[in-house]
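Here is a short report on strands, sheets and the helices that pack on them. Have a look at the fold before reading on.

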Amino acid sequence: MLEGRDRIGGRTWTDNRLGRDLELGGTWVHWSQPHVWPEIMRYGLELTPSPDHEYAYWFEDGKMKKGTKTEFIGLMGEALTRFFEDSRLHMPFPFDPLASPTMKEIDKLSVNDRLNQLNLDPVVYDNVKNFLEACLQGPAEEGGYSTLLHWISCSMHDLSLMFEALGKFKLAKGTKTLIESIASDSVADIQFTKTVSSVEKVDDVYKVFTKDGEQFKAKAVIVTLPLNVLNKIEFKPALSELKQMAAAEGQNSQGIKFWAKLRGKYEAFSAYAPLGSPVNFVSYEYEVDGDSIIVGFGTDASRLDPNDLSAIQNEINRWFPDAEVVECTGHNWVADEFSGQTWNMQKRNQRIRYLTELQRPEHGLFLAGADYANGCPGMMDGAIESGLVVSRKVQEYLKTHVELTK
């Protein structure tokens with residue numbers, strides 16, 4: 001296993017910052033996710049809930065409102081229910097999305113196209129669009145309607161379950177515990193800081209070259225690069241034209257996640273920004289030594305540096321004018337040479353156009369990861385699912401390959 005970073009885990013990364021362990025990438029898991037949950041049970045890992053947010057802050061016609069979480073859900077609830085109401089028709093089988101009888105039709109729609117079909121009140125429209133762009137980690141004009149339908153389909157078409165699965169429960173001692181547990185069961189030779197530059201097929205053997213000039217040989221290769229950086233490796237023979245097109249086009253998520261420590265104790269809250277703001281959403285997560293730690297998300301990493309204290313301060317003051325941001329931190333996954341994106345969220349037209357081809361092996365070359373899974377887009381569950389499916393395909397390929405070359 002050749003790992004470009006000095007750690008394993010990809011876009012899941014537990015690191016000690018702001019006085020405690022924080023998740024810089026993937027965080028939440030749930031027992032409704034059929035691939036990650038058995039691994040959590042296998043290793044006896046415990047979950048802990050994110051706090052219930054009694055209060056919510058949002059904007060109406062440019063003015064901030066404070067209310068209960070129930071009141072904010074009341075503002076958006078009917079619109080979100082209507083947005084997702086046809087999920088059983090359009091996405092009946094969450095782990096076979098292309099089996100949808102209407103996929104060709106709905107895959108053409110962006111999230112914004114779907115919102116415009118609902119004829120929402122302007123205040124409701126702004127808040128719902130802001131919320132959905134936080135989910136998409138990118139613009140609603142490009143994010144695929146079918147991608148968000150896939151989320152609720154994986155949650156048994158239940159809106160409350162979807163929100164719980166996406167943002168309620170996390171591993172008590174961090175995602176690192178799951179990653180390290182899986183790695184400890186592996187007999188793989190894991191080599192760190194090995195940046196692959198090219199993969200070349202010579203007769204029946206693959207040669208893998210690193211930027212440092214090292215060479216490795218194998219009968220099959222599994223490439224786990226996210227879609228947005230797939231074209232950074234040179235393949236000989238080249239990947240199919242359609243795979244290259246998918247990588248060049250890239251998927252929708254180009255956002256940012258940050259953590260900030262606020263001086264003093266705050267009530268548990270969630271706060272939503274006006275539409276078009278650099279930060280869509282922040283919420284209270286922890287108390288550390290009398291101070292409060294919050295997590296926030298934005299849709300465009302180019303607009304906000306998660307380590308820029310003054311910029312984060314400016315955003316937090318939108319809701320709390322007297323707040324003092326003591327520290328802030330985060331990781332720019334979009335600028336990360338091994339990621340180029342946050343969690344995978346497909347654009348409109350991408351599912352029909354690319355998914356089958358991205359999953360298709362090219363001789364002994366396979367793509368694996370959350371970006372290429374059938375279910376649970378952008379989640380750890382999708383990554384594990386893809387790993388299971390691809391490992392079986394590799395076994396079948398090697399068995400056939402060995403038999404044919406005897």
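Two strands pair if DSSP finds at least two bridges between them. Helices (H or I, at least four residues) and strands (E, at least two) are DSSP runs, numbered from the N terminus. This is a predicted model: local features need pLDDT of at least 70, side-chain atom pairs count only at pLDDT 80 or more, and totals for chains, interfaces and linings use all residues. Residues are numbered from 1 along each chain as its sequence is written, and side-chain values use heavy atoms, without hydrogens and water.

**A hairpin**

Strands E1 (residues 14-17) and E2 (residues 20-23) run antiparallel, joined by 4 bridges. Thr-14 stands opposite Glu-23 in E2. The hairpin has 2 residues between its strands. Leu-18 takes a positive phi there, near 55 degrees.

**A sheet of 7 strands**

An open sheet with mixed pairing follows the order E5-E4-E13-E14-E15-E12-E16. Strands E5 (63-68) and E16 (325-330) stand at the edges with a single partner strand each, so one side of each has no neighbour in the sheet. E4 (residues 55-60) pairs with E5 over 6 bridges, in the antiparallel sense. Ala-56 has Gly-67 in E5 as its bridge partner.

**Helices on the sheet**

Two helices pack on this sheet. Contact means heavy atoms within 4.5 Å. Axes are lines fitted to C-alpha atoms, for helices over the stretch in contact, and angles run from 0 to 180 degrees between N-to-C directions.

| Helix | Strands touched | Angle between directions |
|---|---|---|
| H2 (residues 69-84) | E4, E5, E13 (269-272) | about 40 degrees with E4 |
| H11 (residues 309-316) | E12 (256-262), E14 (281-288), E15 (291-298), E16 | about 110 degrees with E16 |
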